[in-house]
Amino acid sequence: MDNKSYSHQIVIVGGGSGGITTAAQFLLKDKTLDIAIIEPSQKHYYQPGWTLASGGLIEPEKIVRDKKDVMPKGVHWIKDYVTTFNPNENSLTTKQGTTVKYQYLILSPGGQLNLHLIKGLKETLGKNGVTSNYAGLGFYSWELIKNFKGGTAIFTYPATAIKCGGAAQKVMYMADATFKSKSGVGVNSKVIFCTAGTRMFGVKEYSDVLDEVVERQGIETKYQHNLKEIKADKKEAIFDVTTENGIEEVTIKYDILHVAPPMSAPDFIKESPFAEKNGDGGGWVEVDKYTLQHKRYSNVFGLGDASSLPTSKTAAAVRGQVPVVVENLLALMKSQPLTANYDGYTCCPIITSYHSVVLAEFDYEGKPISSFFINLAKERYSMFLVKRYLLPWLYWNRMLKGKPFETAIFKKLGLL
């Protein structure tokens, strides 16, 4: 056990896109700030890249970088896992036994994939035709898709909130396009979307467009189908289906099964004093949805996939959240009121083919927004180019370096 202890002005739990972007923005505002990031991983992944990989659109080296190369200069990187918090003492403990004290705490540890909630998934994931881009298996997904000779391909969506809700569909549309591009394969293939939800997407305007896509492509949709078990030996997916008569069990045979697993906050957050007391069971960090300040601990803020914010969990959402956390925490340090507000902005670029994307932008009200001054509730080739080329570049070269969010710049100019 390590009995070391550290004390920092600002401690950020999580060195993913949220934690790194937050630290970078703080240091651009004030280089004298004393910041530590607690993050055990040595690698940093551009997570939206797994979807691109599943369609054969990106090379492995474009998705990953060494964490040390994206960590902001001047930050103390503590390479460890957090285990427990003691907010009354403004301290936390790591797996190695290190005590870290803080004046201000920012929680951005990302979401947790709960593979164990689907019986048989852990044992068969990454083999036997079962894959998940959410588990970093985008390249295995592409192997399955490009070598598919025909049969049934099932793509699932769970009953919980998940990171980038549209990603479960993106891989499906690219798979369908790949099958149809090969003589005989498309004719001999059935593509099924099984979702625990009641429609294709949470915002009606975008859901309507996706309804048209699945109808045009002949993709079969099954709503209120929640995957609960995989029988790999029989290649069967077992669903709990909500019907007028209650829950019924339905079995569907598959040749390819892409799973979007249930998600929650990480266990160490769920079990902490910072977790929601009366939420949906996800154990999310309980923050005010506008100021991002914790509802019970005023020197604590939360953002990203582990937060209780009622919006889609995407990198674009994080870019909208980070400036609010930075501005409000700096105001708190000066004993000033917290005036920065997050409006729930998020963006989910849904790839519908190899030449089209529906760029779903919206806020807390479910109101469509457009950063491109055009109606985005339709498939566009221009938005496919944005998704494939512009967004990865922005991620590595602007977002992780703390540069201003482009949408926020447009708003300041009165263009949105």
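**Cysteines, a parallel sheet and a small set of local features**

In this predicted model, the number of disulfides comes to zero. Cys-164 takes part in no disulfide, and the nearest cysteine sulfur, belonging to Cys-348, lies 3.6 Å away. The same pair can be read from the other side: for Cys-348 the closest cysteine sulfur is that of Cys-164, and at 3.6 Å the two are too far apart for a bond, because a disulfide calls for sulfur atoms within 2.5 Å. Both partners are worth a look for their surroundings as well. Cys-164 counts as buried because its relative accessibility is 17%, a value under the 20% limit. Cys-348 likewise counts as buried, with a relative accessibility of 1%.

Attention turns next to the sheet. Five strands make up an open sheet, and their order is β10-β17-β11-β12-β13, with parallel pairing. The edges are taken by β10 (130-131) and β13, each of which has a single partner strand, so one side of each is left without a neighbour in the sheet. In general, the strands of a sheet pair through backbone hydrogen bonds, in either a parallel or an antiparallel sense.

Within this sheet, strand β11 (residues 151-157) can be followed to its partners. Three bridges link β11 to strand β17 (residues 256-258) in the parallel sense, and here Phe-155 has His-258 of β17 as its bridge partner. Seven bridges connect β11 with β12, and these two strands also run parallel. In that pairing, Thr-156 is found opposite Cys-194 of β12.

Strand β12 covers residues 189-195 and is mostly covered, with six of its seven residues buried. Three bridges join β12 to strand β13 (residues 220-222), again in parallel. Cys-194 appears in this pairing too, where its bridge partner in β13 is Lys-222. Cys-194 can therefore be placed between Thr-156 on the β11 side and Lys-222 on the β13 side.

The connections between these strands pass through helices. A right-handed β-α-β unit is made by β11, helix α6 (residues 167-180) and β12. Another right-handed β-α-β unit consists of β12, helix α7 (residues 204-217) and β13. Helix α6 contains Val-171, which counts as buried because its relative accessibility is 1%. For a sense of distance across the model, the C-alpha atoms of Val-171 and Glu-286 are separated by 32 Å, with these positions 115 residues apart along the chain.

A further pair of strands is joined in the antiparallel sense. Strand β20 (residues 346-353) is mostly covered, as eight of its eight residues are buried. Seven bridges tie β20 to strand β21 (residues 356-362), and the two run antiparallel. Thr-346 stands opposite Phe-362 of β21. Together, β20 and β21 form a hairpin, with two residues between the strands.

Finally, the interior holds one cavity of 30 Å³ or more. The largest cavity contains about 40 Å³ of space. Its lining includes Gly-304, Asp-305, Ser-307, Leu-309, Thr-311 and Ser-312, and also Lys-313, Thr-314, Ala-317, Val-318 and Gln-321. By residue class, the lining of the largest cavity divides into six polar, three nonpolar and two charged residues.

Methods. Residues are numbered from 1 along each chain as its sequence is written. This is a predicted model: local features need pLDDT of at least 70, side-chain atom pairs count only at pLDDT 80 or more; totals for chains, interfaces and linings use all residues. Side-chain values use heavy atoms; hydrogens and water are left out. Buried means under 20% relative accessible area, exposed over 50%, partly exposed in between (1.4 Å probe, protein chains only). On a 1 Å grid over the protein atoms alone, a cavity is a set of points where a 1.4 Å probe fits but cannot get out, and a pocket is an open set with protein on both sides within 12 Å along at least five of seven lines; lining residues have an atom within 4 Å of a point. Grid points are joined across faces, edges and corners, and a volume is the space filled by probe spheres set on the points. Ala, Val, Leu, Ile, Met, Phe, Trp, Tyr, Cys and Pro count as nonpolar, Asp, Glu, Lys and Arg as charged, and the others, Gly among them, as polar. Helices (H or I, at least four residues) and strands (E, at least two) are DSSP runs, numbered from the N terminus. Two strands pair if DSSP finds at least two bridges between them. A crossover is right-handed if, with the strands pointing away from the viewer, the path from the first strand over the helix to the second runs clockwise.
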